[in-house]
Each structure stands twice: as C-alpha cells, then as structure tokens.
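Me: I have a model open and would like to ask how some of its labels are earned. Could we go through them together?

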Number of protein chains: 2
Amino acid sequence: MQSTLLARQRTAPEVRRTTPYLALDPTVVERRFHALAAALPGAEVHYAVKANPHPAVLEALVGCGSRFDVATPAEVRAALAAGADPGDLVCSHPVKRREDVAEAHALGVRLFVVDSPAETRKVAQAAPGSAVLCRLATTGAGSEWPLSGKFGVSPVQAVEILLEAARLGLEAAGVCFHVGSQQRDPEAWAAPVRDASRVLAALRHSGLSPWLLDLGGGFPARYSHDAPPLAAYGAAIERALQEGFGTGGRPRVLVEPGRGLVGDAGTLVTSVVGVVERGPREAPVRWVFLDAGVFTGLVETLGEAIRYRLRTDRSGPTGPCVLAGPTCDSADVLYEREPVELPLALAEGDLVRLEAAGAYTSSCSSVGFNGYAPLPTHLTRDTGA
Amino acid sequence: MQSTLLARQRTAPEVRRTTPYLALDPTVVERRFHALAAALPGAEVHYAVKANPHPAVLEALVGCGSRFDVATPAEVRAALAAGADPGDLVCSHPVKRREDVAEAHALGVRLFVVDSPAETRKVAQAAPGSAVLCRLATTGAGSEWPLSGKFGVSPVQAVEILLEAARLGLEAAGVCFHVGSQQRDPEAWAAPVRDASRVLAALRHSGLSPWLLDLGGGFPARYSHDAPPLAAYGAAIERALQEGFGTGGRPRVLVEPGRGLVGDAGTLVTSVVGVVERGPREAPVRWVFLDAGVFTGLVETLGEAIRYRLRTDRSGPTGPCVLAGPTCDSADVLYEREPVELPLALAEGDLVRLEAAGAYTSSCSSVGFNGYAPLPTHLTRDTGA
C-alpha cells in the first residue's frame, strides 16, 4: 500500500499539497548513516535526536543499528518508542534539569555528559553510579581559550571534574567535545582529539580507566556552500586518533551526527506569496515573499547562518532577490545581506523548494506565531535529494 | 469562584507551578488599553493580535471596546471568537496569501493594507470593493530612503498605488506606517505623519476622498531601558497631526499597539537549571542556565534586542552573569555581550522572573525543540506587574 502511494507520488509529482511542508525521506537518512559509518569504521554512531525527532527518522535509524544522542526525557522516550535500547543512549546535555536527569536514569540511561562540578554532583545524586563524559571546550584557530562559550571546560578542569566524578561513585568514562555544527573543515577534530588524549592520559595516571571518546557532531549537510565528502572527515579523524592515541591506547569512539544524517533527507516546500520591488524605481530591490519563514522552520537562516539551496520550476534569466518569510515581523527575512539568485519569471503561487532542510526545521517551528500553523512533515521519496 | 482562587494565589504566592510558564494578567492589558486611549483621544485602538493571541487577552480587550489588527485568517477567527466585529478589524499585513485575503474577506474583513501594485490587484480580486491603506516606509534619521526594509513604499509610490486601487474598484482609504517596535522616541511619528499628509493631499487633488491614517504600533513595554510615558507619545503624535493636517483636514486615526498593551501584562517565570563558571579560573565568567530560552518564548532576546527586567527572591551582593536557555543549542543564549546583574547567591532551583514578557513570547515558542514543551500560559493576577 505504502509503496504504491510512493510510486504514485513519483509518477505524479505535480499533485500539489498545501504549502509549506517538510518533505522528508527516511531512506536518505539510512544512506547517510551507512556512508558515515563507512567513513568512520569502529565509531559508534549516535544520532542527535534534536535535529529531527520524527518517528520515521528514529525508526529508520534503529533499523540501521544506530544509537542516539538525547538531551531530555522527551527525547529519551522518542528514541525508546522507536525501538532503541536505553543502554545505547548518551545524554549529551552538559547542564540539565535535575528532574530530567532522574527521569532519564529511571528510563535506563546510564551515560551522561557534565562540564562543571555542580553538574557532576547533580548527576551523582540523580543518576547514581552512571558513567559520565566531561565536555571539553574547543579552541578556535589561533585562540588559547574561548573566552565565552556555552559549554565545555579546559583539559585541566576536565581532569579535576572526572576525578571528582569518580570520588562521587560515578564512572569516569572519558571526554566529549563538539567542533561546531556544519563544520566544513575536517581538520577541526585534530586539536580537541589531542586535548582529549591528554585528559585520558592524566586520568590513567591517577588510576582511573577511561574508555570512551565522544567526537560530537558537526558533519555537514549539503547547503549552498560545498563541504568536503564524509570520507575526508573520516580520514582526518583517523589521523587525529592515531596521533593522539597511537595503536594501543585508543578508547572506544562515538560520534553524534544530527544535521549530517537528516539534513539532506528533507526539502522544505514553500509557495511564493508575492514578488514586489522595494526601494527607488531607478534601483529597485526584488523581494520574494514565501509562505514559510523564520517562525515556520527556517530559524537557522537568522544571521543568514545556514544558506539552503533553492529550486524552482521556472527557467530563464535570474536576478538577485531578497527572500522573506510570511509574517508581519520585520525580522522574518531569510536572506537580505547576501541575496539569492532566482528566476525573474518567478511569480505568486510558484513553488520554491529549500533543499537539505531536514534538520532543525520542523521541530524549531513556532506553535503558530501570527496565525501561521507549525510546519507539518510529509513522508515522501520525492524530496529531490 | 475565580476571584477566590485569585485571592488565594495572592495570599499564597509561594505555591509553585512547574516552570517555565507565562503568568498573564488580562487586567493589566485593560489598564494599558485605557491609558493609551486616554493618551490618544480620538484615535481608534486596534490591538495587534500577533503580540499575544490568548483568548483572555482578546476577550478583555473586546470588553474595553478595542478593535483589532490581524494578519491571517487564524487571527481573524481568534478576534471574532472573542466577540469582535469583523468591521472593526484591519488586516495590516502588506503581502498576504491570496487565499488568506479571500478567507478574511469571507469572514467580513473590509480593510486591508497593501504596499505594491501586485498586492493591490490581489486584494481587488480576492476582496473586491474593500478599503485599502497603503503602507509607507519610514525614513531613518538622516536617510532619504531606506535601501532595505520588508514593508513600505515612498509617498510618490503610495499615491500611484492608491490611485490604481481606486481604478480597480477598491476604496483608497488612506495610508499606514510603522515606526518600529518598542519605539523609545515619541518624535518618531513626526516625519511619517508629514509623509502621510502629503499622500492624502495628493489623493484629494486627484479627486479621491481618503479618510484614514493608521499610525501603526511601536508603543513600548517596560523593559530594562526606560521609555517615556504614554502621555509623551500622545502629545508628540498630537503635535504631528496638527502640523500635518491642521484643524480641518485631519483624517480618522487608528493605532495598532501590541507590545504596548500586552507586554507589561506577562511575567515569564523560569527556574535556574544550573549556575556554572566558564573560562579560566583566574577570570571566570558566571553562566546562569534557565529552563526557558530562545526556543521557549524568548526569541526576542536574539541579538539581545529585548532586555527583560529580571527578578529573583535572593538578596545580597550581585555580579555579572551570562544568561542561557535550556537547550543544547549554542545559539540559545539570552544575554552574553551585555551580561545581567544577578545575586551571587542564586542557585539551582531558584525562580527567575522575566518581567514585561507578555508580548511575542508564548506564541513564538517552538513546538518542542530539543524535547522542551511549548511555553504554557497561566492566567493570574500575581505577575508582579
């Protein structure tokens, strides 16, 4: 039945749904999982549920043998509902609500991230006996220490925190870090892996037996700016691990891809609400208004951080356009500083597809700001991905 | 019954609800409505539903005799459900979905904003015979023309658009503008009122009979930075209207306050998830993590644009703190560039109240990013406002 429906969709792509919506293809998630697993042999893959918690994504990944990275009891329950084993979850949020730690523990989670003495005590009390990873801050190029940053500590502090964890009856499992989402430089893992190797060596020197290194996420989706293939990430990380740990002392390794698995699996399908010219007649600026925007799933366009690839059914000459969302809010503008190129023939009612929009879209949609409903998801194999 | 409950809440404020939530007091909205109406005698007040569409807010305002500013059919239906008359609504969104225009028209809306020839044709087709206002772009100080800007046209373009509207069978009612949300300068209305008077004079010269001037919103809530009292806005606007139209030719005037009516009526009540020190030991930075953040109603802290006043139950010495939200997302940081002063005794589990959080919070909350539920609203008279 389902495959018949899918086949019909493929043969009749002109059947139009109400926009906006996220067209999500779980088979792309599966392909990306296998590609990443192949690029990182020996690493366990824990999908970061926050990127897209749709049950079809989680179920497809359970079928692939994926593990999961979760932050909250709601994410734990979503992973378990999809068939995951609680022992295969890492709760990687470094500053958690105490009741959330207790609830995750009650649901069977036994691996938590910390990055402060207070959080270590919290986990020791709310999830006694669990294993913990301490999160390292990542150093920016040419910077000795990131002077701000929401999560992470120095290697020296990590050693102290993990020694304290052991004193509190926790298992000092190792360290984790995050090189930043949509990381386009495969060499970004090299320095934090070196830091991690120093922390693990110091812990061993103190009589502990750390065994786990969590390399975080950062693997890219295919947006407008090219990123290297996953194989380049695998090769760079393998070099870093060899340099950091040699052949004998390498810990078990896990990664936490979110965007890297689900980003390319979604297409955000929007319609043009209007095309208008702004500014003086002698130098007009073309504005294209879509029916999805910052409050309907495109929050990552804030600051023009994530630049989605655009696809339309129009051909012919193109011109620069400012792209705006549907609400009355003046902040609901997607790309203005660096306009997008769109066909000049684009008109009201035309579809504009934002590709590689599977991550951080549907779950980030507002509950209904300005009367625009939350972004729905439709499962399909017709994402154009 | 309700007043008994409210009395109990006032006498027993220590009864603790699960955080985070928005504590919303519709009686504050009523007070602000009457204060604004008194400051602007003769102006019709149309509450901007997008600021907070909670039924209790809309019903309280209907009781005050308020009219409404809406953008979408969902907002039209919310206003009608609260008892508003469709003839008292202005659909002030300048670029609307065609089907939304038709639906609003079917629901009885007869006043629409446009700011382009294409939108004018759209309204003429989807809401034939309606009255239209053309939105003017507001000029920044020292700027002849805003080179970007999502909405609004020049006075010359507005005249052309309204003449075209009349040719298409629409009623060229007048013009509207918006001086920017949380406008702290009451003189900001002076220049656009002058522009408006030129447009209306030109239309009269062409034989039309424009009769309406929509002064938009921009009236402030009480955040960290002081804004003048509403009376100062009323006085400045009255001066501008006298200068622009004299005593005889003044059009009917309406305003569209959102934040100015509902902002002060809400308190976002959060709990401290953790307090940690970041950075090197010799110069640590104190981070306070709350259980509400950018994805749970505090989207207007992005760029640190809106600075809420904070209140805690702790006393004693204070120090600068970075304030962060609960999700794993590194963008979920409320105030970092300019830290907030909070008691050094503040600890996990303490309440932190963000005051004047009634506008653009609950309706902007995400559907559940990272497993954090959307921000709920509790009606109360104990907002501390």
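Reply: Gladly! This is a predicted model, and copies are superposed by least squares on the C-alpha atoms of residues with pLDDT of at least 70 in both. Done that way, chain A falls on chain B with an RMSD of 0.0 Å, after a rotation of 180° and 0.0 Å of shift along the axis.

Me: What makes the two copies related as by a two-fold rotation axis?

Reply: The rotation is 180° with 0.0 Å of shift along its axis, and the two copies are thus related as by a two-fold rotation axis. In chain A, the C-alpha of Ser366(A) is the one nearest that axis, at 2.0 Å.

Me: How do you know that the copies meet through the same surface?

Reply: Of the interface residues of chain A, 100% are also interface residues in chain B, so the same surface is used by the copies.

Me: Why is Cys134(A) not counted in a disulfide with Cys176(A)?

Reply: A disulfide needs two cysteine sulfur atoms within 2.5 Å. The closest cysteine sulfur to that of Cys134(A) belongs to Cys176(A) and lies 7.3 Å away, too far for a bond. Over all chains, the structure holds zero disulfides.

Me: Why are Cys134(A) and Cys64(B) called buried?

Reply: Buried means under 20% relative accessible area. Cys134(A) has 0% relative accessibility, so Cys134(A) counts as buried. Cys64(B) has 17%, so Cys64(B) counts as buried too.

Me: What makes Cys328(A) an "active site" residue here?

Reply: That label comes from UniProt, where an unreviewed entry lists Cys328(A); such annotations may be inferred rather than shown by experiment. In the model, Cys328(A) sits in the loop between β13 (318–324) and β14 (333–343) of chain A. Its relative accessibility is 14%, so Cys328(A) counts as buried.

Me: Which residues is Cys328(A) in contact with, leaving aside neighbours within four places in sequence?

Reply: Contact means heavy atoms within 4.5 Å. The partners of Cys328(A) are Asn370(A) from chain A, and Lys50(B), Ala71(B), His93(B) and Phe151(B) from chain B.

Me: What do the buried residues of α6(A) pack against?

Reply: Among the buried residues of helix α6 (residues 117–126) are Glu119(A), Val123(A) and Ala126(A). The buried residues of α6(A) pack against α5, β5, β6 and α7 of chain A, together with β10 of chain B.

Me: How many residues does each domain of chain A bring to the contact between them?

Reply: The domain assignment gives domain 1 (53–257) and domain 2 (264–379). Domain 1 brings nine residues and domain 2 brings 10 residues. Between them they bury about 910 Å², with 57% of it on carbon and sulfur atoms.

Definitions and conventions: Residues are numbered from 1 along each chain as its sequence is written. Chains are lettered from A and ligands numbered from 1 in the order in which they are written. This is a predicted model: local features need pLDDT of at least 70, side-chain atom pairs count only at pLDDT 80 or more; totals for chains, interfaces and linings use all residues. Side-chain values use heavy atoms; hydrogens and water are left out. Buried means under 20% relative accessible area, exposed over 50%, partly exposed in between (1.4 Å probe, protein chains only). Helices (H or I, at least four residues) and strands (E, at least two) are DSSP runs, numbered from the N terminus. Domain bounds come from an automatic or database domain assignment. Buried area is the accessible area (1.4 Å probe) that two parts lose on being put together, summed over both.
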